[in-house]
Amino acid sequence: MSSVSPDKRRKMESALSQLKKFTVVVADTGDFNAIDEYKPQDATTNPSLILAAAKMPEYQNLLDQAIKYGIAKGGTEEEQVANTMDKLFVSFGLEILKKVPGRVSTEVDARLSFDKDTMVTKALKLISLYEEAGINKDRVLIKLSSTWEGIQAGKELEEKHGVHCNMTLLFSFAQAVACAEAKVTLISPFVGRILDWHKENTDRKSFEPHEDPGVLSVTKIFNYYKKFGYSTVVMGASFRNTGEVKALAGCDLLTISPGLLAELSEDHSAITAMLSVDKAKACDLEKIHLDEKAFRWQHNEDRMAVEKLSDGIRKFAADAVKLETMIKQMFPSIMYLYLKKTLLH
């Protein structure tokens, strides 16, 4: 019986298959077909991804059902739209959970990014919708913007309600430290958006993966967390190319778009773990503590992070508004069908 040598077997394996040995791979999409194809452990969504998916004909039924739910809940148009949005986000999450063995991330409206209490209330509402559908909260990560208020909302949700949080729009080391001290479950530092900023605001227009500023940022955060034994895990996000992904092999999790997952599945080059606990333990980082004043100052000192956090909140908020507009335009026709069905019964 012939055997395949380890070297040849490795060459036959895709980069994606090799990556999964070092890192939990998460699909960064609202498209169920992509999840079926690449078989990630988890999946994550955001308003922009849901907006894109909601425009696809194959997901029209989810949108219709969410609108019917919103109408049935009653109240003002604003309340009906809000209930529809919550239901739509959870409906996508429920479909995703049928296809992944792990967890789905569902995002709290970015327009609440500076309102801790309302973020907590919205998060609990989303969790209740999942639980009504028979999904345990352990299979859901609530995504919150990594503002000071968002981080404190995450702390409260974890401590008081046992709700796991995924802190998104994270660009600065200060944000990462505050999240670790809040003992949130997971952070999503944005690799590609950091690279974008440096290309736009410095003389450098290209970077090798090992010197990519987004890769360096995530590496520093990973090393800090592992050196000092924080429970919060790191999920690199927002990749622009597969070089960035490979340079972070060994990170706890990486959330990757379908396009880059496709590239990695066709790539048969060797992948090695670039990040590890042993390397982290040997790094020369010093432990720091950040209260609110220190957090705001250190984050403010990082121009890139300040600009990208604000920009990210604005963009997610804008896509939420677009989604609401789409829902409002559909309200009359769905309302007609709903009332007709109600009267017939």
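This passage describes two helix pairs and one buried residue in a predicted model.

The helices α5 and α6, which comprise residues 60–73 and residues 77–97 respectively, pack at an angle of about 140°, and their axes are 8 Å apart. Because an angle counts as roughly antiparallel when it is over 145 degrees, α5 and α6 are classed as oblique to each other. The crossing of this pair is right-handed. On the side of α5, the contact involves Leu62, Leu63, Ala66, Ile67, Tyr69, Gly70, Ile71 and Lys73, and these residues meet Gln80, Asn83, Thr84, Lys87, Leu88, Ser91, Phe92 and Glu95 of α6. Sorted by character, the residues of the contact of α5 with α6 comprise 8 nonpolar, 5 polar and 3 charged. As a general point, residues three or four places apart in an α-helix point the same way, because such a helix has 3.6 residues a turn.

A second pair is formed by helix α9, which covers residues 173–181, and helix α11, which covers residues 213–227; the axes of these helices come within 10 Å and cross at roughly 30°. Since angles under 35 degrees count as roughly parallel, α9 is described as roughly parallel to α11. Here, the crossing of α9 and α11 is right-handed. From α9, the residues Phe173, Ala176, Val177, Cys179 and Ala180 meet Lys220, Ile221, Tyr224 and Tyr225 of α11. The residues of this contact of α9 with α11 divide into 8 nonpolar and 1 charged, with no polar residue among them.

Helix α11 was also considered by itself. Its 15 residues should span 21 Å at 1.5 Å a residue, and because the C-alpha atoms at its ends are 21 Å apart, the expected and computed values agree. The helix is mostly covered, in that 11 of the 15 residues of α11 are buried. Among the buried residues are Ile221, Tyr224 and Tyr225, each of which also takes part in the contact with α9.

Attention then turns to Ile151, which lies in helix α8, a helix of residues 148–161. Ile151 has a relative accessibility of 0% and therefore counts as buried. When residues up to four places away in sequence are not counted, Ile151 touches Ser145, Ser146, Met167, Gln175, Ala178, Cys179, Ala182 and Phe295. One of these residues, Cys179, belongs to the part of α9 that meets α11. In addition, the C-alpha atoms of Ile151 and Lys183 are separated by 9.5 Å, although the two residues are 32 residues apart along the chain.

Terms used:
Residues are numbered from 1 along each chain as its sequence is written. This is a predicted model: local features need pLDDT of at least 70, side-chain atom pairs count only at pLDDT 80 or more; totals for chains, interfaces and linings use all residues. Side-chain values use heavy atoms; hydrogens and water are left out. Axes are lines fitted to C-alpha atoms, for helices over the stretch in contact, and angles run from 0 to 180 degrees between N-to-C directions. Helices (H or I, at least four residues) and strands (E, at least two) are DSSP runs, numbered from the N terminus. Angles under 35 degrees count as roughly parallel, over 145 as roughly antiparallel, 65 to 115 as roughly perpendicular and the rest as oblique. A crossing is left-handed if the near helix is turned anticlockwise from the far one by less than a right angle, and right-handed if clockwise. Contact means heavy atoms within 4.5 Å. Ala, Val, Leu, Ile, Met, Phe, Trp, Tyr, Cys and Pro count as nonpolar, Asp, Glu, Lys and Arg as charged, and the others, Gly among them, as polar. The expected span of a helix is 1.5 Å times one less than its number of residues. Buried means under 20% relative accessible area, exposed over 50%, partly exposed in between (1.4 Å probe, protein chains only).
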